[in-house]
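I opened my notebook to go through this structure one piece at a time. Follow along and check each entry in the viewer as you read.

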Amino acid sequence: MRRLVIGRTRDLLNRSHQNYRHSQHSLFLSSSRFLSSAPVIDSPSSSSSPPMSPPVTLNSINPKVVKCEYAVRGEIVTLAQKLQEEIQAKPGSQPFEEILYCNIGNPQSLGQQPITFFREVLALCDHPAILDKSETQGLFSADAIERAWQILDQIPGRATGAYSHSQGIKGLRDTIAAGIEARDGFPSNPDDIFLTDGASPAVHMMMQLLIRSEKDGILCPIPQYPLYSASIALHGGTLVPYYLDEATGWGLEISELKKQLGTARSKGIAVRALVVINPGNPTGQVLAEENQREIVEFCKDEGLVLLADEVYQENVYVPEKKFHSFKKVSRSMGYGEKDIHLVSFQSVSKGYYGECGKRGGYMEVTGFGADVREQMYKVASVNLCSNISGQILASLVMSPPKVGDESYESYCAERDGILLSLSRRAKMLEDAFNNLEGVTCNKAEGAMYLFPRIHLPEKAIRAAEEVKTAPDAFYCRRLLNATGIVVVPGSGFGQVPGTWHFRCTILPQEDKIPAVIDRLTDFHKSFMDEYRD
Amino acid sequence: MGPKALDYESLNENVKKVQYAVRGELYLRASELQKEGKKIIFTNVGNPHALGQKPLSFPRQVVALCQAPFLLDDPNVGMLFPVDAIARAKHYLTLTTGGLGAYSDSRGIPGIRKEVAEFIGRRDGYPSDPELIFLTDGASKGVMQILNCIIRGEGDGVLVPVPQYPLYSATISLFGGSLVPYYLEESANWGLDVNDLRQAVVQARSNGITVRAMVIINPGNPTGQCLSEANLREILRFCFHENLVLLGDEVYQQNIYQDERPFISARKVLMEMGPPLSNEVQLVSFHTVSKGYWGECGQRGGYFEMTNIPPKTVDEIYKIASISLSPNVPAQIFMGLMVNPPKPGDISYDQFVRESKGILESLRKRARIMTDGFNSCRNVVCNFTEGAMYSFPQIRLPPKAIEVAKKAGKVPDVFYCLKLLEATGISTVPGSGFGQKEGVFHLRTTILPAEEDMPAIMDSFKKFNDEFMEQYEDYRSYSRM
C-alpha cells in the first residue's frame with residue numbers, strides 16, 4: 001500500500017514546464033508579468049492561426065458519452081413528465097388522472113414505507129446531539145438508541161459529517177462482513193469491502209479497471225439492466241451478449257456462454273468478465289444452485305472475473321427457489337481466493353428496505369492481488385468516500401434487528417408485510433399480462449419487475465415504422481398516452497431480435513393494482529382492435 | 001493460462017496513471033502509525049468535522065426529522081426540535097416524491113434546484129436557471145462528469161493551475177486526456193498571469209494538443225488566493241478568445257479571510273461583461289456543502305451550474321447523470337438549507353448565526369496563526385491563506401537532505417513530510433502531490449485543527465523543522481561537491 005509513486009504527474013508537469021522555460025526564456029525575463037502592473041492585452045494568443053478549439057457542443061463532446069444509452073430514464077419518461085406537467089396545469093386534459101411511474105425500481109416513490117428501525121437509527125446518527133436528552137427515550141426505541149451509540153462509537157470523533165476512510169468506516173465494514181458471513185456460512189474480510197454511493201458507482205469502478213480499449217469485452221445477459229451496457233460504452237469497451245432463454249423461464253445456459261465467448265474471441269475481443277444479475281433484472285429469474293456452480297466453473301476455467309449483481313437478494317417470491325450468493329457457491333465448491341476473481345454487489349435500494357434515495361451499497365472483492373487492490377483503493381480515494389448515512393444504512397441492512405431486540409417484532413412485521421405484498425403483486429400482474437391477447441409473461445421469481453412479451457401484429461409494426469419508432473416503444477408510448485402508465489420498452493434492455501417486450505415494475509401499491517390492471521387491459525384490447533391482422 | 005483479467009498487468013493503464021496524494025502515501029503511513037497507537041493530527045484533507053468542528057445544529061435537526069417523518073406526527077416532537085426546523089422538514093418532504101428513500105429527478109429535486117438558483121441570483125444579482133443546475137454526490141462527482149464529456153482522448157488538453165487540487169490531474173489521467181499546466185506565481189501571492197496562460201496554450205498546441213477547457217479554483221486549493229475581479233475578467237476574455245470552457249471550482253467561496261478581495265463568482269463577472277462574452281463563454285461553476293463553514297464532507301452534497309452550454313449538450317450530461325439515477329437525497333436537503341439558511345426572525349436564526357460566525361472567525365484567526373508560525377521558521381516562506389482551508393508553506397531544503405531523500409528513493413518533500421509525521425504526528429500532504437516548480441518544495445496542511453491546539457502544533461512543527469535543518473544543514477557536505 002505504501003508504494004504509490006508520486007512521480008508521473010510531477011514528471012509530466014516538470015517536463016512541460018522545462019519546455020516552457022527553455023522556449024520562453026527571454027519573455028520570462030523581460031515582460032512585466034503580474035496583473036497588478038501589466039495592462040491587459042486584449043488579443044488572441046499566437047502569431048500563426050492555430051485551429052480554434054471547438055466549444056463544448058454535441059459534435060465535440062466525448063463520443064462515448066453520446067454513444068451510451070439508459071432507457072430507464074429515457075425518452076418515454078421525458079414524455080411522461082411533460083404529460084404530468086400538462087395535468088397539473090390543466091386538470092382533466094388527459095384520459096387519466098395521474099401518471100403512474102412503473103419504469104423504475106423506486107419503491108418509496110410509490111408509497112412503500114421505510115423500515116422504522118433503520119430510520120430511527122439514521123435520524124439519531126444525523127443529529128447525535130439529542131442522544132443525551134431524556135425526551136429522546138420517549139420518541140425512539142431503546143434498541144435504535146443503542147445501535148446509534150454503537151455506530152457513533154465506530155466513527156472517529158462521532159463525526160458523521162467527516163469524510164471517512166475511502167473504503168468506508170471500518171466498524172461498519174466489520175458489521176457488513178459479519179452479516180455476509182452469517183448469510184453465507186463462509187468468512188468475509190472487511191478489507192474486501194468497498195462502500196459506495198449505491199451499487200452503480202461500484203459497477204463503474206470495475207468497468208474502469210477492466211476496460212482498456214474496445215478490444216476488451218464484458219459478457220452481459222440479454223435482457224440486462226442497462227447500467228451495464230451504458231457503463232461499458234462509457235468506458236469504451238465491447239458488450240458481449242449472452243441470451244437468456246425466455247422459453248425456459250429466462251434460463252442461463254452454459255452452452256450459450258461458451259458459444260458467445262468463442263465468437264467474441266474469434267473477433268479478437270479479450271473477454272474479461274461475466275456479468276450475472278441474480279435475481280435477474282428485468283427478467284426476475286432466480287438461478288438454481290446447480291446453474292450457479294456451472295457459472296463459477298466456467299469463470300474459473302476461462303479466467304473471467306465474475307461480476308455478481310446481487311442487489312435483489314432479498315426479493316425472492318417463490319418457495320421453490322432460494323437466493324445463494326456466488327461467494328457462498330464458490331466457497332462451497334472449495335474454490336478460494338486463488339481460484340476465482342469475484343466481485344459481489346449489494347445495495348440499500350432494493351430488498352424490502354427500498355432506500356433508493358440514500359445511495360448506499362457496497363462491493364465485496366475477493367481473489368485479487370494486493371497490487372490490484374491498491375489500484376481500487378486509489379480510484380476510490382479520488383472521490384474521498386461515499387456518503388456516511390448510506391454507509392450506516394448498508395450496515396443496518398446487513399445486520400437488522402435480531403430475536404430479542406425491542407424492535408424485532410415490528411421490524412419483522414414491516415419486512416414481511418412488504419415482501420408478501422410484493423409477492424402478491426408480482427403474481428397479480430403476471431396473471432393479468434398472461435390474460436392479454438398475444439402477450440406471454442414469465443413469472444417474476446424475484447426482483448421487482450415483469451417483462452412480458454408482446455406479439456405485435458404486422459399492422460402495428462408497420463405503423464411504428466412509419467413514425468420511425470421501435471415497435472415496443474410505439475406500444476409503450478400509446479400505453480402512456482391512453483393510461484398514464486409508464487413502462488420501459490424492451491429494446492432498452494435488449495431482446496432477441498424480432499421479439500418485443502416491455503418492463504413494468506410490481507411496485508404500485510397493492511390497492512392500486514386492480515385499477516392498473518383494468519386500465520392496461522382496456523388499452524391493450526383497443527390497441528389490438530386497432531391493429532389486429 | 002495467461003494473466004487473469006484483473007491481474008495488475010492487465011488493468012486499464014489510465015487507472016494506473018492516476019495519482020491522488022491527498023489520500024496517498026503520507027496518509028496511509030499516518031493511518032498505520034495511528035493503528036500502532038501514535039497520536040496523529042490529520043491535516044491532510046479539508047475535513048473540518050474530523051478535527052472537532054461541530055456540525056451546525058439547524059440542518060442536522062431538519063435532516064433528522066426528514067429521515068424519521070413519523071417524528072413529525074408525535075405530539076412531543078417540539079420538545080426536541082425547534083418549530084422552524086419542523087416546518088422546514090415538512091417543506092422539504094413535500095418537495096420529494098416519497099421522502100428521503102426515493103430516487104429523485106436525476107438532476108436533483110426541482111424545488112431544491114430552484115432554491116439554489118435563487119441563492120445564485122441573490123449572490124450575483126443575475127438570475128440563474130434551475131434547469132441548468134444539477135445536484136451531485138459532492139462537487140467531485142460533478143467535476144468528473146463534466147470532464148468526462150470534454151475529454152475525448154489524449155489529444156484533448158485541460159488547463160489546470162499548478163499547484164492544483166489533484167482531483168483534476170487524477171480525473172484527466174483517468175479519462176485519458178492531457179493536463180496543460182499554468183503556473184501560479186508564488187512570489188506574487190500565487191497570482192495568475194494571462195501571458196503565462198497564452199504561452200501554455202501555444203506550447204500545448206505545438207505539441208498537437210487541442211486545449212478545450214480551463215480550470216480555476218477560487219479561492220485556491222492548496223494556495224488559498226482569492227482572484228480579483230480584474231483577474232476574472234482577464235480569464236474570461238482569455239477563454240472567449242481561445243474558445244475554452246471555463247470550469248470554476250468555487251467550493252471555498254464562504255472561506256474568505258481578508259477583506260481586500262471578497263469572493264466574486266465567475267458567473268457574475270461574466271454577466272457583468274455583457275455581450276458577446278456573456279452570451280458565448282461556456283462556464284460550469286461548482287459548489288459543495290463540504291467546505292465553507294458547513295464542513296459537511298460526509299454528506300457528499302454538491303452542484304454544478306451551467307452557463308451558455310447548448311441544450312443538446314445539457315441533454316447528454318443529463319443522460320450520464322441518469323445512469324446513476326439520482327444524487328443522494330439527504331445531501332440535497334443539506335444543499336437546500338445551505339443556500340437558504342435561517343433568516344432574521346426565525347427561531348433558529350440567532351443560534352445559526354452564532355455558530356456560523358464562530359466558525360468563520362476562528363478560521364480567520366487560525367489562517368493567521370499558521371501563516372505566522374510557518375514564516376517564523378528561517379527556511380520557510382508562507383503566503384497568507386487568503387481563503388479556502390489550507391496553508392502551503394515553501395520549505396527550503398538543504399542539499400544534503402535532498403541527497404538523502406533521493407538515496408532513500410523518496411521525493412524530497414515526501415521525505416520531509418514523512419519525517420515530520422514520525423516526529424510530531426502531524427500528517428500533511430507533500431507539495432509534489434499538487435505540483436510545484438522543479439526544485440521548489442512545499443507541504444500542504446489544513447488550518448482546521450482546533451484553535452486552542454494551534455500554538456502547540458506550530459511549536460511542534462518549528463521544533464521538528466529546526467532539528468531537521470540542524471541535522472541536514474551540514475556545511476562539510478558542500479566541500480565534498
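**Entry 1: a definition, then a core residue.** Before I start, I need one term: contact means heavy atoms within 4.5 Å. This is a predicted model, and I keep that in mind throughout. With the term in hand I looked up A:L274. Leaving out residues up to four places away in sequence, A:L274 touches A:L219, A:Y242, A:L257, A:I295, A:F298, A:C299, A:L304, A:V305, A:L306 and A:L307.

What is A:L274 part of? I found A:L274 in the largest nonpolar core, which has 333 residues. A:L274 and B:M214 touch the most other members of that core. I also checked which helix gives the most to this core, and found helix α16 of chain A, residues 408–434, with nine residues.

**Entry 2: how confident is the predictor?** For the complex, I noted an ipTM of 0.94 and a pTM of 0.92 from the predictor. Chain A has an average pLDDT of 89, and 89% of the residues score at least 70. For chain B, I wrote down an average of 94, with 97% of the residues scoring at least 70.

Where does pLDDT stay under 50 in chain A? I found that stretch at residues 1–51. The model has 74 contacts beyond four places in sequence for residues 1–51 of chain A. In chain B, I marked residues 476–481 as staying under 50, with two contacts beyond four places in sequence. I will read both stretches with care.

**Entry 3: chain A as a whole.** I counted through the elements of chain A and have 19 helices and 14 strands. Chain A has 533 residues, and 60% of them count as buried. I then looked at contacts in chain A between residues at least 6 apart in sequence: 72% of these join residues at least 24 apart.

**Entry 4: a covered helix.** Next I picked helix α5 of chain A, residues 116–126. How many of its 11 residues are buried? I get 10, and the helix is mostly covered. Among the buried residues of α5(A) are A:F117, A:F118, A:R119, A:E120 and A:D126. I then asked what covers them. The cover includes α6 (134–139), α7 (142–153), α15 (388–397) and α16 of chain A, together with α3 (57–67) of chain B.

**Entry 5: one arginine.** I turned to A:R293, which is found in helix α12 of chain A, residues 289–302. Why does A:R293 count as partly exposed? I see a relative accessible area of 33% for A:R293, and partly exposed means between the 20% and 50% cut-offs. Not counting residues up to four places away in sequence, A:R293 touches A:V329 and A:M333. I also took a distance from A:R293 to A:A71: they are 222 residues apart in sequence and 32 Å apart in space, C-alpha to C-alpha.

**Entry 6: the domains of chain A.** I see chain A divided into domain 1 (71–111 + 412–531) and domain 2 (163–397). Taken over C-alpha atoms, their centres are 28 Å apart. In the contact, I find 32 residues of domain 1 of chain A and 32 residues of domain 2 of chain A. These two domains bury about 2500 Å² between them, with 57% of it on carbon and sulfur atoms. Which residues of domain 1 of chain A lose the most area to domain 2 of chain A? My list is A:N442, A:E445 and A:A447, together 25% of what that side buries.

**Entry 7: the domains of chain B.** For chain B, the assignment gives domain 1 (10–39 + 353–480) and domain 2 (139–288). I find 32 residues from domain 1 of chain B and 32 residues from domain 2 of chain B in the contact. Their centres, taken over C-alpha atoms, are separated by 26 Å. The area buried between these domains is about 2600 Å², and carbon and sulfur atoms give 53% of it. On the domain 1 side of chain B, I noted B:R364, B:N383 and B:E386 as losing the most area to domain 2 of chain B, together 27% of what that side buries.

**Entry 8: what the record says.** Last, I checked UniProt. Its unreviewed entry lists "domain: Aminotransferase class I/classII large" over residues 155–519 of chain A. I find that span to be 41% helix and 15% strand, with its end C-alpha atoms 51 Å apart. For chain B, UniProt lists "domain: Aminotransferase class I/classII large" (unreviewed entry) at residues 82–449. Over residues 82–449 of chain B, I have 43% helix and 15% strand, and 31 Å between the end C-alpha atoms.

Terms used
Residues numbered from 1 in each chain as written. Chains lettered and ligands numbered in written order. Predicted model: local features only at pLDDT ≥ 70, side-chain atom pairs only at ≥ 80, totals over all residues. Heavy atoms only, no water. UniProt positions renumbered as here; feature names shortened; annotations may be inferred. Helix = DSSP H or I, 4+ residues; strand = E, 2+ residues; numbered from the N terminus. Core = buried A, V, L, I, M, F, W, Y, C linked by side-chain atoms within 4.5 Å. Buried < 20%, exposed > 50% of the residue type's maximum accessible area, 1.4 Å probe, protein only. pLDDT = per-residue confidence, 0-100. Domains from an automatic or database assignment. Buried area = accessible area lost by both parts, 1.4 Å probe.
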